[in-house]
Amino acid sequence: MKIKTTLAALALTLGAVISAPSMAAYPEKPITLVCWSSSGSGHDLMARYIAKLGEKHLGQPIVVVNKKGGKGKVAMSYVLNQEADGHVIMTNTRSMTNRLKKTGDSIAIDSFKYVSRVVKDPFVIAVNKDSKFNTITDLVAFARQNPNKVQIGGYSTKSVDEELVKELEAKAGIDLNYIPYKGGKEPVVAVLGGHIDVAIANPSEMLANFEAGKLKVLGVASSDRFSPFDEAATLTEQGYPIVTEHWRGIMASKDVPDEVVAKLNDMIQKVMAEPEFKKFLASANMYDGYLAGDAFGELVVSQTKN
């Protein structure tokens, strides 16, 4: 019995010795970073900066591959069908994981390990410069007297944009007429053209028109005011405690070893410290939203209602 126990222990030790060099060598080949949006989008640009700046920190090329479709499920399915060794990872966004169940489906929140949240993109509530609304208080007062009359546009249905509108309706006791659009800039264009009353947008989608004096911002859905919308009060300051931010990050298959995930997270931290990446964030009107794996995973789960 003692001999068997000794041999088993020896086998385990030898296994660890044999596998250790392989893990220490990660990555052993180029890494594919799958992006589920179109080439040239803000999401895609973030991925390409990570790829460009991350290569020297990992010692292998990082290649961005765009796989659109199914609101992210084409990309997620592809990643989950690759070998779970960390050489195929993907970008993620709140609007993508928001649609998944926590568990139980072939693609669910627990199908992945969450490497790092990279950026956050807060929401602003904007109107045409000629609008009669100047604050959220003005909007709510009118909506209470005119249920379903205020047309408010945002990106898609079952999206973070629509979620923000529903939360405002619930907290203010009003009914708005939500108009979904296929892209984030379309509600802004509709407000400028006088087709709807209010737009939900991220700063990058409306900043040029705001700086040109064509838009007013009624409020921001962040925990604090932020530049260049410092004059606009947060929704919380206006009596409606709502903090809703879009984010983008990196995730991998749930079966990727923890050591590999830690190495990827370390790479992301180093990329985000690079002046070139900080310059990219500033030019794209995105904000540093770094969260490490466990905290990022907890955030994703907390924002999943199913």
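Which residues line the largest cavity?

## A small space inside the model

Welcome to this structure, which is a predicted model. The opening question has a list for an answer: I31, L33, I50, I62, I89, I250, M267 and I268 line the largest cavity. Two elements, β1 and α9 (258-272), each give two or more residues to that lining. The volume of the largest cavity is about 30 Å³, and the count of cavities of 30 Å³ or more comes to 1.

## The chain as a whole

With the cavity in mind, step back to the full chain. Its secondary structure consists of 11 helices and 11 strands. Measured out along the principal axes, the C-alpha trace spans about 85 × 40 × 35 Å. The chain has 306 residues, and 49% of them are buried.

How much of the contact network links residues 24 or more positions apart? Among contacts in the chain with a separation of 6 or more, such pairs account for 74%. The accessible surface is about 14,400 Å², and carbon and sulfur atoms hold 54% of that area. As for charge, the chain carries 36 positive and 34 negative charges, and the mean positions of these two sets are 4 Å apart.

## The largest pocket

Next comes the largest pocket, which holds about 830 Å³ of space. Its lining is made up of 32 residues, and S37, S41, G184, E205 and R248 are the ones nearest its centre.

Which elements supply at least two residues each to this lining? They are α2 (42-58), α6 (160-172), α8 (203-211) and β10 (245-253). Helix α2 gives the most, with 3 residues.

## A closer look at L53

Helix α2 is also the place of L53. Is L53 buried or exposed? L53 counts as buried because its relative accessibility is 3%, and the cut-off for buried is under 20%.

L53 also has partners from far along the chain. Leaving out residues up to four places away in sequence, L53 touches V271, E274, E276 and F277. L53 and F277 are 224 residues apart in sequence, yet their C-alpha atoms are 8.0 Å apart in space.

## Two cis peptide bonds

Where are the cis peptide bonds to look for? One joins Y26 and P27, with omega at about -5°. P27 sits in the loop between α1 (2-24) and β1 (31-35), and that strand β1 is one of the elements that line the largest cavity.

Another cis peptide bond joins S227 and P228, and here omega is about 5°. The loop that holds P228 runs between β9 (215-220) and β10.

## More from the loop between β9 and β10

T244 shares the loop between β9 and β10. At 1% relative accessibility, T244 counts as buried. Apart from neighbours within four places in sequence, T244 is in contact with R94, F123, V160, L164, E167 and A221.

E237 is another residue of the loop between β9 and β10. E237 counts as partly exposed, since its relative accessibility is 48%. The C-alpha atoms of E237 and S222 are separated by 10 Å, and these residues are 15 apart along the chain.

## Positive phi angles

Two residues that are not glycine are worth finding for their backbone angles. N148 has a positive phi of about 65°, and its place is the loop between α5 (136-145) and β6 (151-155). With a relative accessibility of 46%, N148 counts as partly exposed.

K158 has a positive phi too, near 50°. K158 lies in the loop between β6 and α6. Is K158 buried or exposed? K158 counts as exposed because its relative accessibility is 67%, and exposed means over 50%.

Conventions:
Residues are numbered from 1 along each chain as its sequence is written. This is a predicted model: local features need pLDDT of at least 70, side-chain atom pairs count only at pLDDT 80 or more; totals for chains, interfaces and linings use all residues. Side-chain values use heavy atoms; hydrogens and water are left out. Helices (H or I, at least four residues) and strands (E, at least two) are DSSP runs, numbered from the N terminus. Buried means under 20% relative accessible area, exposed over 50%, partly exposed in between (1.4 Å probe, protein chains only). Contact means heavy atoms within 4.5 Å. Accessible areas come from the Shrake-Rupley method with a 1.4 Å probe; for residues, only the protein chains shown count as cover. Lys and Arg count as positive and Asp and Glu as negative; His and the chain ends are not counted. The place of a charge is taken as NZ of Lys, CZ of Arg, CG of Asp or CD of Glu. On a 1 Å grid over the protein atoms alone, a cavity is a set of points where a 1.4 Å probe fits but cannot get out, and a pocket is an open set with protein on both sides within 12 Å along at least five of seven lines; lining residues have an atom within 4 Å of a point. Grid points are joined across faces, edges and corners, and a volume is the space filled by probe spheres set on the points.
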